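Reader: Please take one part of this model and look at it closely. Then set that part in the wider chain.

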Amino acid sequence: MTDKLDMTTPDGANNNVKKIAALFPNCVTESAEGLVVDFDLLKQELNNYIVEGTKERYRLEWPGKKEAIVTANLPTTKTLRPVREDSVDFDNTENLYIEGDNLEVLKLLQESYLGKVKMIYIDPPYNTGKDFVYRDNFKQDSVEFKEQSGQTNEYSQRLVPNVETEGRYHSIWLTMMYPRLKLARNLLANDGMIFVSIDDHEAHNLKKMLDEIFGENNFISDITVVNNLKGRNDKKYIATANEKLFMYVKTDEFQEYGLSLPDDKLSTYNEGQDDQKYRLIELRKRGGPDTRAERPNMYFPIYVDPTSGTVSLNKSEIYSIEAIPKKSDGTAGRWRWGKDTVKQRIDLLIGKPVQGTNRYNIYEKDYLEQNGELRRIKPKSVMAGSAYSTDGATKKYRSIMGDINFTNPKPVEMLSDLIQYAAPPDTGAIFLDFFSGSGTTAHAVLELNANDNGNRRFIMVQVPESLQEDASSWQQGYKTICDIGKERIRRAAKKIKAETGAEIDYGFRVYRLDESNMQDVYYRPQDYKQENLELFADNVKPGRSGDDLLAQVMLDWGLPLSLKIEQLSIIDRTVFKVAENSLMACFDKDIDEAFAKEIAKYTPLRVVFRDSSFKNDTAKENVKQLLKQLSPETEMRVI
C-alpha cells in the first residue's frame, strides 16, 4: 500500500462500480479507462426481462439530469483552509462555519461526516427569477464560463440570475439542486432527517426530486409555514401567506424526540401533585366514527366506585355505578379504548360525576411525566403564529444586528422546533445547513443548548455572495453574506450567554474553500518531464501553513474537522495533535529517527509528515520502520 495520502475526494462513480462488482462480478469488465459496467448484462441480472431504454416509466426527467448525476460523482482536489482570525475559540469549539460553493464543500465532507449528521435544514434559492442559482458546468473552464454567463462574483463563484425567460428555467434549478441533495443524503445518519423550505415556484419539482433521492416511502410531511399573517399581494388572484417545508427521513430508523409542551398546554396538567401531575381526557370518543352503531365492540359499561373514583369492568358492591359512553344528545356513543386496552390500563382511568346529573363519566389520567421525563408532543402540519412569521424573524434579527440588513431571515423559533424535535439535547447531534444565509440555524442551536444545557453542534455552509455596494451593511464593512452570517453568530452567542449564563460551546471554526494545498505535480506526476524535476522537491504550494495542510489531511483521512486540535513543540518542531492520539502531524523540515522516537511515545493511531521533510527515501523508510517497531498501531503517511 502506498504511504502517500490521495488529497482528493473519492470518485463516486468508481465507488459505485466497485459495489456493483461485489454483487455482480460478471457485469464489470476492464477497459482503457479502468473498470466499467456492462449494462446489458446488469439489466439481465436485475430483471426477468430486458427493460428497454425507450419504454415509458414514471420518473422525473429534465435536460441536464445526467450531467447532475455526473457532477455529484466527480471527485474534487479542493480543500478547506482554516481562517483563525474569523473564528471564535478555534482550538476547542466543535461548531463549523464554512465559506464556499456548497457542492464542493459537500464533496469534501463526504468521508469525515459520512452518516454522522442528525438533521439537515436548507432554505435554497426558490427560483423566483430574482434570486441567484449556481451553474455547475464542469465541462468548461472559467474563461469559457465567464463568456457564457457574463457573471461571477469576486470569489469566482458561479452565481447567475435564473430568469423565467431562460429556455431551461426549471432545468437549470433542478440541475443545481440534484447533486447537492444527493451528496447531502450520504451525510445523514440512518436515523437522520432533512427539512427543505420552498415556495410554489419549484415545490412540485422539488417533491419529485426528494422522492427520487430519499425514497417516496421516507416522505413524512408537507408542512405549511404561515410566514406572512397579512398575506402578500404580489401574486395574481391570491394573497400568499405561507411557504412549504418538506420533511423526509433517511430510513425508518428515525425516532422522533418531539417538542416541549408550550405554556398553555402545561397549564392543563392541573390534577395531582409534583411529578404526579396529570390532566383528564374524556374516554368517550368525539368526532369521526363516534357512535355505538359504527363501533359496537367499543360500547360497554364501566363501573365506578363513587367513594374513590376507581373503575372496574365488573359490577360489584364497591363498583356500583354504571358509566356508559352516552353522547350529549342522549344517543349511544363509544369509548376510545376497547375492553382489552381498558383491562391493561385500568389504573389510568377515573370516574367522575357529570355536574347537574346523576350520571358518571370516565376519564383517562394523562400524566405530565413519563419514565422520568416531561411529556413531549408532535409538531403540527401547520406552523402558524407571530413567532414563525417573516416580520417576527426580522425583528429578532435586527435586535442583535441593528441596521446590518438581511432580507427575509428565517425564524429562530421555527428552526428551534425542528432541531429539538429531531434529537435529545445531550447526544452531541450534528445539524447541517448548507444554504445557511444569515445563520439562523446556528443561532437556534446556541439558544437551545443554552436553555437545556445541550451539546448539539452545527455546520453552516454559505457561498460568499457579494452584497450590494450601496447597502448599509457594505458601508459598515460587511462585503458578503458570510460576513453577516459570522457576525450574527458572534453577536447571538454574546447575547445568549449574557442572558442565560449557560456554559456551552459558543465558538465556531471558520474554514474557506480553496484550491488544493498541493501542486498539480502531486496529482499528475506523469505530465511532468525531466526538466521539471525541481517541482518534485516540494509539492506543497508556497504560502500554505501547517493549519492549511492539517485540514486537508483530516478531510482526506476522514476525520471530522470539529475534533480538538492541540499544538505541541517536540524537539523544536511544531506538532499538531488531533483528538488525543487520533492523529499527529508535523510539516517541519528534518524529520529524523530521534524525532520519531519522541512521536512514538504518544502512540498515535496516525502520523503524517511532508515527503520533503526527509533528507531522502532512506531516511523516510528508517523513520517508518522505527515507528512500526516502537508504536506498532501507528499508521504513517506522507504528503
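Author: Start with the outer side of helix α18. Asp617, Thr618 and Gln629 are exposed there. Exposed means over 50% relative accessible area, buried under 20%, and partly exposed in between (1.4 Å probe, protein chains only). Helices (H or I, at least four residues) and strands (E, at least two) are DSSP runs, numbered from the N terminus.

The model is predicted: local features need pLDDT of at least 70, side-chain atom pairs count only at pLDDT 80 or more, and totals for chains, interfaces and linings use all residues. Residues are numbered from 1 along each chain as its sequence is written, and side-chain values use heavy atoms, without hydrogens and water.

Now the buried side. Ala619, Lys620, Val623, Leu626 and Leu627 are the buried residues of α18. They lie on the same side of α18, because they cover an arc of only 130 degrees around the axis. The arc is taken from the directions between the helix axis and the C-beta atoms. An α-helix has 3.6 residues a turn, so residues three or four places apart point the same way.

What do the buried residues of α18 pack against? Their partners are α17 (593–600), β28 (606–609) and β29 (635–638). Contact here means heavy atoms within 4.5 Å.

Next, the length. Helix α18 covers residues 617–630, and its 14 residues should span 20 Å at 1.5 Å a residue. The expected span is 1.5 Å times one less than the number of residues. The end C-alpha atoms of α18 are 20 Å apart, which agrees.

The start of α18 has a polar contact. A side-chain oxygen of Asn616 comes within 3.1 Å of the backbone nitrogen of Thr618. Such a contact is a pair of N or O atoms within 3.5 Å; within protein, one must be able to donate a hydrogen and the other to accept it, and residues adjacent in sequence count only if both atoms are side-chain atoms.

Now the wider chain. The chain has 18 helices and 29 strands. Of its 639 residues, 48% are buried. Among contacts with a separation of 6 or more, 71% join residues 24 or more positions apart.

One strand residue gives another buried example. Gln462 lies in β23 (residues 457–462). Gln462 is buried, with a relative accessible area of 8%. Not counting residues up to four places away in sequence, Gln462 touches residues including Tyr97, Ile98, Phe435 and Cys482.
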